[in-house]
Amino acid sequence: MTSDVIAIDGPAASGKSTVARNLSEALGIPYINTGSLYRAVAWKLRKNALDPDTVSPEEVDRILADTRISYEKPAPDAPPDIRIDGVFPGQELRSADIASGASKVATMPNVRAWLLDLQRGMAKLGRIVMEGRDIGTAVFPDARFKFFLTASPMVRARRRLAQSGETVDGATLESVARDIAARDEQDSRRAVAPLKRAEDAVLVDNSEWESHQTLQFMLDKIKEKETMEKETVLNYRVPYADTDQMGVVYYANYLKYFEMFRSEMLIDAGLSYLQMEKEGIALPVIEAVCRYKSSAHFEDRLTITGRVAEAKGVRVKIECEVRCGVRLLADGYTVHACMDMKNNRPTRVPPALLKLLK
Ligand code: CDP
């Protein structure tokens with residue numbers, strides 16, 4: 001199962017909040033800054049005069065049991081913000097002191113477990129953008145889109161210093177860089193859900209980019225993945241010419257249906273076979289398998305689906321199923337050798353085709 005979440009993880013001040021907000025506006029979907037949730041817990045401890053360095057796990061449990069955190073609009077036309085026990089702390093959550101407290105409470109397993117449920121619950125209403133440290137690894141390991149955003153330590157320190165109210169008075173570039181490095185260290189070394197890039201996350205180093213370039217890069221990646229995931233469904237009404245003397249679709253036609261499907265799938269992916277041939281690549285069939293399960297008749301409406309199931313070296317395997325309603329009529333596959341038409345020799349599968357591999 002995949003969660004319809006755009007997960008953005010990365011170190012402090014890497015630009016996550018800005019790009020998450022921009023993405024949410026561009027796509028018209030909600031955005032959750034999960035760092036605010038940890039900041040909210042640190043804020044609550046502070047309200048109760050508890051020091052995150054010395055508080056006991058039991059005391060934290062007691063506080064959490066008596067805490068309500070939600071994401072709500074403070075005013076009808078304002079963007080949603082964190083509400084704790086009925087209060088909107090707003091900018092108070094952004095102070096350097098609360099940031100440091102957040103990083104400490106974030107190492108506590110009971111805090112993470114408590115916030116995990118809250119975060120998962122927030123994704124139930126449809127696609128959302130969620131940013132933090134462990135969204136693509138621990139909260140939504142099955143997120144549909146994953147990004148790991150980073151920037152060089154100096155760029156991040158400069159960005160943080162430019163955010164008013166987020167650093168202590170008299171902070172310098174060096175002191176902010178040190179502060180950020182200490183938090184990154186704590187976030188990356190903790191035992192529970194440490195900050196790390198999920199294997200399948202797209203790495204985005206935005207050190208040299210303006211925010212609109214980061215946004216465009218991520219929007220392009222999202223679109224690319226959506227195009228890849230879109231399943232091709234070919235609909236076909238059986239003509240008289242496809243049937244045999246028994247009044248059913250002649251068995252050899254199914255291989256023609258497989259071919260029609262392949263053509264459609266490639267066009268859907270922006271890769272027409274005609275164009276590939278013009279560019280000197282051919283995909284002759286070297287193996288075909290079709291298993292027949294049920295018959296089709298004149299005027300039946302067939303749906304043909306399939307996928308690139310394997311692509312290795314010079315070979316590509318494309319699976320196919322033919323159905324009439326829910327009834328499976330035939331399934332099978334074709335294996336193709338990728339040929340360089342100029343010198344009539346096998347060649348590696350082009351990267352564009354590899355991308356279709358599911
Ligand atoms: O804005 P900045 O990147 O500086 O921090 P934040 O996103 O507000 O997060 C504050 C702290 O919460 C981080 O330093 C992490 O320790 C913690 N955090 C976390 O552990 N897991 C998350 N998903 C989000 C934040």
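In the account that follows, Ala, Val, Leu, Ile, Met, Phe, Trp, Tyr, Cys and Pro count as nonpolar, Asp, Glu, Lys and Arg count as charged, and the others, Gly among them, count as polar. The structure described here is a predicted model.

The protein chain of this model is divided into two parts, with domain 1 covering residues 3–229 and domain 2 covering residues 234–354. The C-alpha centres of domain 1 and domain 2 are separated by 46 Å.

Within domain 1, which spans 3–229, strand E1 (residues 3–9) is mostly covered, since 6 of its 7 residues are buried. Strand E1 is joined to strand E6 by 5 bridges, and these two strands run parallel; in this pairing, Ile8 has Phe147 of E6 as its bridge partner. Strand E1 also pairs with strand E5, again in the parallel sense and over 5 bridges, and here the bridge partner of Ala7 in E5 is Met130.

Turning to the pockets, the largest pocket holds about 1,100 Å³ of space. Its lining is made up of 45 residues, of which Ser17, Tyr31, Asn33, Arg94 and Glu131 are the closest to the centre of the pocket. Two or more lining residues are given by each of several elements, namely the helices H1 (16–27), H2 (35–47), H4 (96–105), H7 (153–162) and H8 (173–189), together with the strands E2 (31–33), E4 (81–84) and E5 (128–132). Helix H1 gives the most to this lining, with 6 residues. When the lining residues of the largest pocket are sorted by the classes set out at the start, 14 are nonpolar, 15 are polar and 16 are charged.

The second largest pocket has a volume of about 250 Å³. Its lining consists of Ala143, Arg144, Phe145, Lys146, Phe147, Asp200, Val202, Lys221, Glu224, Lys225 and Met228. At least two of these residues are supplied by each of strand E6 (143–150) and helix H9 (211–229), and the largest share, 5 residues, comes from E6. By class, the lining of the second largest pocket divides into 5 nonpolar and 6 charged residues, with no polar ones.

Strands E5 and E6 thus appear in both parts of this description: E5 pairs with E1 and gives two or more residues to the lining of the largest pocket, whereas E6 is joined to E1 and supplies residues to the lining of the second largest pocket. Phe147 in particular is the bridge partner of Ile8 and is also one of the residues that line the second largest pocket.

Notes
Residues numbered from 1 in each chain as written. Predicted model: local features only at pLDDT ≥ 70, side-chain atom pairs only at ≥ 80, totals over all residues. Heavy atoms only, no water. 1 Å grid on protein atoms, 1.4 Å probe; cavity = no way out; pocket = protein on both sides within 12 Å on 5 of 7 lines; lining within 4 Å. Points joined across faces, edges and corners; volume = space filled by probe spheres on them. Helix = DSSP H or I, 4+ residues; strand = E, 2+ residues; numbered from the N terminus. Buried < 20%, exposed > 50% of the residue type's maximum accessible area, 1.4 Å probe, protein only. Pairing = 2+ DSSP bridges. Domains from an automatic or database assignment.
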